[in-house]
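This report looks at the interior of one protein chain. Please keep the sequence and the structure at hand while reading.

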Amino acid sequence: MSDKTCCHGPGYATPLDAMKNGPRETLLYTLTIQPNLEEEHGDYLSTIDVDPSSPTYCQIVHRTFTNRKGNELHHSGWNACSSCYVVDKNAKSVPKRNRLVLPAINSDFIYVLDVATDPRKPEIVKEINGDVLKSHNVTAPHTTHCLANGNIMISVLGDAEGYAKGDFILFDSEFNCVGTWTKGEKVAPCGYDFWYQPYYDVMVSTEWGAPNKFRRGWKPEDAKDLSQYGCRLNFYKWSTQTLYQTIDLGHDGFTPLEVRFLHNPKRPDGYVGCALNAKVFYFKKRSDSDDFDVKKVIDIPQKLVDTGSGTATEMGGMISDIIISLDDRFLYVNCWRHGDVRQYDITDPENPKLTGQLFLGGAICSDLPNVVVKEDKELTERPAPRYIKGRRLEGGPQMMQLSLDGKRLYVSSSLYSPWDKQFYPDMVSKGGHVVLIDVDVDNGGMTLNEDFFVDFGKEPYGPSLPHEMRYPGGDCTSDIWLVNES
């Protein structure tokens with residue numbers, strides 16, 4: 001047995017260990033956006049009680065306000081994850097998962113929260129001013145991942161002027177800025193999400209667009225400038241921090257957003273969801289080289305929609321999130337515009353099989369005026385609107401978080417507030433929501449839980465918009481495992 005196994009960091013030894021032995025989630029930390037940019041309390045972290053035995057089940061039990069306008073909290077991450085599970089016996093300290101990191105994609109601020117002292121009442125313990133990022137010529141911080149060496153790495157989407165730039169900013173365990181991560185002359189044109197797989201010495205990143213483009217809302221003409229909006233997968237050598245392969249996904253792969261390697265740390269393959277045209281690509285490392293091959297494996301047809309002009313136009317599904325169960329059996333895909341969540345069996349990873357589908361709102365519901373879906377390749381009729389506890393689900397299914405055991409899928413409704421205001425103004429005025437889907441992990445399939453509904457329409461400072469969600473003990477999208485050879 002290795003000397004390194006004398007003590008353990010946070011998390012679990014393997015993904016299956018987490019799935020089989022992890023506790024049921026009791027709290028759901030939810031990034032919540034204040035759409036009223038004049039409201040001084042600004043965005044906040046909502047702590048939702050998701051313990052069915054609790055008297056405050058399905059309620060927001062605490063709100064941690066940033067008290068700053070215009071942040072746009074987007075994605076979050078931990079200061080330590082399961083990559084730090086094995087700790088050398090000579091280590092001075094054992095890592096603790098006690099800090100939740102909240103980057104703000106509009107203000108460039110980063111908020112560090114203490115979630116250990118009182119998990120039900122997280123407290124901001126450090127604010128990193130946006131000028132820190134600008135001093136390194138990066139802005140719009142997005143995905144946060146903890147690293148095995150104790151550092152925290154955050155992807156960025158822009159340079160100091162707001163033009164597209166795909167890079168990463170590093171912080172040490174005390175959240176002092178170390179600098180940018182990428183070395184060498186090659187830097188990705190655009191940035192967004194990333195995931196690393198140290199066993200194969202590789203990291204993959206995706207591309208959204210330039211901050212000074214997406215911050216003002218979506219304009220179709222933006223798709224013409226692929227230097228400021230992305231359609232590429234970028235692969236890096238983990239050990240040298242250098243970009244070595246870029247794969248152009250073409251029109252089908254425009255705006256590749258969430259990217260996931262399979263959880264098994266010895267698997268050299270994964271998926272990326274491409275938002276605008278609703279395609280999912282599978283990528284896999286070649287057996288004889290470090291290069292990757294990419295294949296489109298899910299193709300969700302666009303809807304031909306006539307909104308009253310008499311001319312049908314195409315509406316893409318807008319895949320804004322994907323998630324993989326810890327046993328690498330199921331892939332979940334959302335379509336924020338079409339309004340559905342899909343479950344695929346990925347036992348055969350190159351041929352996903354649709355095993356479940358639920359409509360949770362969207363832009364083509366049967367009760368919406370002046371919308372006619374024509375010649376649809378999947379639907380025989382428009383989906384009915386969804387109601388829970390008398391409340392119509394406005395907007396569409398957006399961020400997802402799966403329980404460790406794979407039996408519960410939480411779904412929020414807000415994508416990004418400038419785009420929410422553009423595509424779903426009723427959701428902005430009435431407030432967003434979080435719902436729960438019960439999952440059949442044996443046979444596949446999903447059922448909406450009619451007893452669970454978190455309404456953000458009557459918040460203390462006006463209707464707000466829930467986005468990304470995390471559990472205090474780690475989850476299916478924040479933990480990356482290292483191979484334990486002991």
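The text below covers the nonpolar cores, one strand pairing, the enclosed spaces and two backbone angles. The model is a predicted one.

**Cores**

The largest nonpolar core has 40 residues. L102, W208, F214 and W419 are the residues with the most contacts inside this core. Four elements give two or more residues to it: the strands β2 (27-33), β7 (99-103) and β8 (110-114), and the helix α5 (425-430). Of the elements, β2 gives the most, with four residues. A second core, separate from the largest one, has 29 residues, including A188, F235, L243 and F281.

L102 can be followed further. When neighbours within four places in sequence are left aside, the contacts of L102 are L31, L45, L73, H75, S76, F109, I110, Y111 and L113.

**Strand β7 and its partners**

Strand β7 is mostly covered, with four of its five residues buried. β7 runs antiparallel to strand β5 (residues 77-78), and two bridges join them. In this pairing, V101 of β7 is the bridge partner of G77. β7 also runs antiparallel to β8, here with five bridges. One of the bridge pairs links R99 to D114 in β8. β7 and β8 form a hairpin, and six residues lie between the two strands.

**Two positive phi angles**

Most residues other than glycine have a negative phi. D108 has a positive phi near 75° and is not a glycine. D108 is placed in the loop between β7 and β8, in the turn of the hairpin. Is D108 buried or exposed? D108 counts as buried because its relative accessibility is 3%, and the cut-off for buried is under 20%. D201 is another residue that is not a glycine and has a positive phi, here of about 55°. D201 lies in the loop between β14 (194-197) and β15 (202-205).

**Cavities and a pocket**

The structure holds three cavities of 30 Å³ or more. The table gives volumes for two cavities and one pocket.

| Space | Volume | Lining residues by class |
|---|---|---|
| Largest cavity | about 140 Å³ | 10 nonpolar, six polar, no charged |
| Second largest cavity | about 100 Å³ | two nonpolar, five polar, six charged |
| Second largest pocket | about 380 Å³ | eight nonpolar, five polar, two charged |

The largest cavity has a volume of about 140 Å³. Of the 16 residues that line this cavity, W208, L257, S320, L415 and W419 are the closest to its centre. W208 and W419 are also among the residues with the most contacts inside the largest nonpolar core. The lining of the largest cavity has no charged residues.

The second largest cavity is lined by 13 residues. Nearest its centre lie H75, R260, E468, R470 and T477. The elements that give two or more residues to this lining are β10 (139-146), β18 (256-261), β31 (400-402) and β35 (465-470). By class, six residues of this lining are charged and two are nonpolar. H75 is also one of the contacts of L102.

The second largest pocket has a volume of about 380 Å³. Which of its 15 lining residues are the closest to the centre? They are W218, L276, E314, M315 and G316. Eight residues of the pocket lining are nonpolar, five are polar and two are charged.

Conventions. Residues are numbered from 1 along each chain as its sequence is written. This is a predicted model: local features need pLDDT of at least 70, side-chain atom pairs count only at pLDDT 80 or more; totals for chains, interfaces and linings use all residues. Side-chain values use heavy atoms; hydrogens and water are left out. A nonpolar core is a set of buried Ala, Val, Leu, Ile, Met, Phe, Trp, Tyr and Cys residues joined through side-chain atoms within 4.5 Å. Buried means under 20% relative accessible area, exposed over 50%, partly exposed in between (1.4 Å probe, protein chains only). Contact means heavy atoms within 4.5 Å. On a 1 Å grid over the protein atoms alone, a cavity is a set of points where a 1.4 Å probe fits but cannot get out, and a pocket is an open set with protein on both sides within 12 Å along at least five of seven lines; lining residues have an atom within 4 Å of a point. Grid points are joined across faces, edges and corners, and a volume is the space filled by probe spheres set on the points. Ala, Val, Leu, Ile, Met, Phe, Trp, Tyr, Cys and Pro count as nonpolar, Asp, Glu, Lys and Arg as charged, and the others, Gly among them, as polar. Two strands pair if DSSP finds at least two bridges between them.
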